[in-house]
Amino acid sequence: MVMPAGASPILLPLVLLLCQVVPAAQEPAGLQLRLAGPRGPAGEGRLEVLYQGRWGTVCDDGFDFHAATVACRQLGYTAAITWTHSATYGQGEGPIWLDNVRCGGSESSLAECSHNGWGVSDCHHGEDTGVVCSGQRLHSGPDPAAAPGLLGEAPGLSLEEVRIKPILARAKLSMPVTEGAVEVKHNGRWRQVCDAGWTRNNSRVVCGMLGFPQEKHINTNFYRKLWNMKLKDPSSSLKNLSQKSSFWVHQVQCQGTEPHLARCPTQLAPLAPRQHACPRGMHAVVSCVPGPAFQQGKGRGKKPPHKASPGKGLPVRLRAGAHAGEGRVEVLRHGQWGTVCDKRWDLAAASVVCRQLGYGTAKQALVGARMGQGLGPIHMSEVRCTGHERSLGECRFQDAEQSGCRHEDDAAVRCHVPHMDFQSQVRLAGGRSPEEGVVEVLVPVQGKLRWGAVCGAQWGLNEAMVVCRQLGLGFASHALQETWYWAGSPDASEVLMSGVRCSGTELALQQCQRHGPVHCPSGGGRFSAGVSCTAHAPDLVMNAQLVQETAYLEDRPLGLLYCAHEERCLSRSADSMQWPYGHRRLLRFSSQIHNLGRADFRPRMGRHAWTWHQCHRHFHSIEVFTHYDLLTLNGSKVAEGHKASFCLEDTNCPEGLQRRFACANFGEQGVSVGCWDTYRHDIDCQWIDITDVPPGSYTFQVVVNPKHEVAESDFSNNVMRCQCKYDGQRVWVHGCHTSDAYGADVVSELERRERLANNLV
């Protein structure tokens with residue numbers, strides 16, 4: 001330390017003392033943390049800290065897994081699962097208290113980690129960090145994730161759970177259980193509800209909580225006869241139990257719009273002292289109607305049909321959900337699918353969506369694009385529902401154009417779904433974690449249920465997706481046809497299922513198509529099917545509008561196409577040309593591929609396995625990233641091209657997100673959440689060679705991730721199609737859209753017009 005001339009030596013210890021004391025004085029004595037943002041599973045959210053009486057956020061610069069571990073431990077959880085960047089849980093408000101947080105991982109508080117200083121930051125709220133902690137709590141007490149203003153089930157519910165106790169033999173054998181006596185859990189104890197004053201509205205709420213969209217009338221006289229018979233039966237304990245007040249919930253009064261029975265006015269006991277809790281002495285009975293996907297023998301394994309009520313009915317669908325009954329809400333309006341803005345989005349509106357799709361009421365109304373951002377129009381904002389509507393279109397709403405909504409505000413839902421016991425019919429064995437392993441299924445063999453393996457031949461991501469969903473583990477990240485490094489269970493070594501073919505939407509592997517007699521030439525063992533599951537997945541979508549705006553023709557000399565020819569980006573007729581004389585006619589265009597999912601899109605192979613291409617002097621991380629095809633209106637290919645993924649990177653990101661992947665200097669490849677990778681029209685192989693194509697009308701098609709090499713949350717939006725007219729000299733490309741952007745009637749009408757115009761009908 002250099003001291004000014006004339007300074008007293010006694011000042012040196014004082015200066016050193018001040019240097020040590022000042023930073024420590026800035027640290028709060030007991031730093032408080034909380035998780036905020038749209039309510040999801042316990043233990044995840046935007047990380048916020050309380051300093052000087054104000055809550056503020058933490059910037060994601062420098063934040064890592066060690067810091068997340070410290071934060072989760074301080075919040076009362078055992079460990080961190082991961083951390084998130086770029087305001088994954090929505091942008092916070094107020095100051096950004098911490099930036100460049102650096103922890104070793106052993107600290108007991110985030111205040112013990114190094115950082116820029118309290119309030120010293122060059123970040124904005126688009127860089128707010130979040131954490132995902134393990135579900136196991138170190139101590140009991142209030143949930144630190146319960147920040148004010150969250151949408152979801154109300155805190156402090158007196159009625160914890162509801163179930164239907166089947167009474168009739170047929171009800172006991174059915175799955176799901178749809179009819180029986182109502183039982184509610186209060187303070188850890190199950191009680192029956194008195195049927196005095198029980199209404200159809202009460203039944204509607206109970207059925208909604210159990211995952212059923214509707215209730216139906218039931219003959220209570222029949223159940224009363226059974227009740228009286230049991231009371232007279234000397235071997236039954238029902239008579240003694242029914243005399244106790246602790247056996248009953250006296251009265252429940254619902255309006256029918258409540259998402260949870262706990263929202264209804266409830267009396268555990270009568271107001272008058274010494275009055276019997278259930279004067280008429282019988283339990284309430286309900287009968288629920290399951291949605292199409294959960295009806296026995298009807299529509300098993302299919303998506304619930306979109307039922308639109310007459311007049312204002314708008315079809316709805318859920319996208320990018322990891323589990324059945326959850327996802328981003330999209331509505332079909334004016335013939336095009338679009339999202340819903342989360343302004344004033346609540347459980348009443350979310351429950352209308354859930355019931356419309358054949359589920360029960362909503363568990364959670366999610367805001368802030370918790371299920372990923374959509375791409376396209378935003379159709380609705382400020383949706384207000386009473387709860388009795390049959391369709392979201394019957395609710396009051398505003399056009400989103402007037403409200404300034406963006407896709408960062410896309411609404412989502414988590415619905416109550418019936419308990420089907422599918423999870424007990426499949427298991428994973430031998431993996432390094434509960435999220436991976438050899439797939440073992442429980443199937444009937446000669447009248448007895450047995451565990452066995454699944455043949456790995458033809459096993460793919462669609463099948464793996466069904467297994468992960470069935471187990472409640474989210475999405476599949478890998479589908480393995482060989483599992484020699486995982487040891488299966490000794491009692492499940494025999495292959496009991498083969499030739500499995502799933503669409504990807506089934507609720508259980510047992511609902512997929514498969515061989516009748518098992519046929520697995522490779523045998524089981526190391527050739528058994530396996531999966532790895534993940535909570536989040538990417539979702540790639542092509543920007544159709546950009547393709548339409550940038551398409552043009554170029555006659556390119558052969559002398560400039562040697563590299564492209566080497567990479568097989570030209571039609572086969574190019575092989576027989578007199579190189580370098582002549583040219584090829586190319587349909588060129590730019591493509592912009594967005595990652596709308598909740599995880600980064602990364603190549604399946606590590607960089608050690610990438611292939612070096614000397615001609616272009618770059619590495620290929622995925623052999624084929626996109627397919628470019630020109631089809632006749634009858635679907636036959638007349639020209640094709642492919643685009644090897646020589647560089648996956650964040651070409652651009654929206655405001656508030658930082659680019660994380662770049663190809664320069666052999667960098668890591670991928671596409672971050674919310675960012676996009678752009679392939680300009682002037683890049684080699686960014687075309688279709690149409691030299692040999694005759695004039696006519698065609699369909700121009702682009703398929704992203706065509707071989708499903710990398711798992712995505714939704715493969716249905718990976719195809720983009722355009723109408724294309726070529727007169728031999730010029731080309732017109734119009735009507736570009738992703739395969740799920742329009743309703744089926746609109747697509748059919750477009751195709752019909754094209755066929756009529758070309759005399760194909």
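This passage looks at one helix, a set of paired strands and several salt bridges in a predicted model.

Helix α7 spans residues 347-356 and is mostly covered, with 10 of its 10 residues buried. Among them are Leu347, Val352 and Val353, and the charged-side-chain residue Arg355 is buried too. After α7 comes glycine 358, which has a positive phi, near 95 degrees.

Strand β19, made up of residues 378-384, is also mostly covered, and 5 of its 7 residues are buried. This strand has partners to look at in turn. Strand β17 (residues 336-340) runs parallel to β19, and 2 bridges join them. Here valine 340 has methionine 380 of β19 as its bridge partner. Strand β20 (residues 396-398), by contrast, runs antiparallel to β19, again with 2 bridges. In that pairing, serine 381 is matched with glutamine 398 of β20.

Turning to charged side chains, the model contains 32 salt bridges. Side chains of opposite charge can pair when their charged atoms come close. Arginine 46 and glutamate 48 form one such bridge, at 3.0 Å from N to O, and both residues are buried. Together with Arg34, they are linked in a network of salt bridges.

A salt bridge also joins the side chains of arginine 406 and glutamate 408, at 3.1 Å from N to O. How exposed are these residues? Arginine 406 has a relative accessible area of 49%, so it counts as partly exposed, and glutamate 408 is partly exposed at 31%.

In a further salt bridge, the closest N and O atoms of arginine 432 and glutamate 436 are 2.6 Å apart. Arginine 432 is exposed, with 74% relative accessibility, whereas glutamate 436 is buried, with a relative accessible area of 8%.

Technical notes: Residues numbered from 1 in each chain as written. Predicted model: local features only at pLDDT ≥ 70, side-chain atom pairs only at ≥ 80, totals over all residues. Heavy atoms only, no water. Buried < 20%, exposed > 50% of the residue type's maximum accessible area, 1.4 Å probe, protein only. Helix = DSSP H or I, 4+ residues; strand = E, 2+ residues; numbered from the N terminus. Pairing = 2+ DSSP bridges. Salt bridge = Lys/Arg side-chain N within 4 Å of Asp/Glu carboxyl O.
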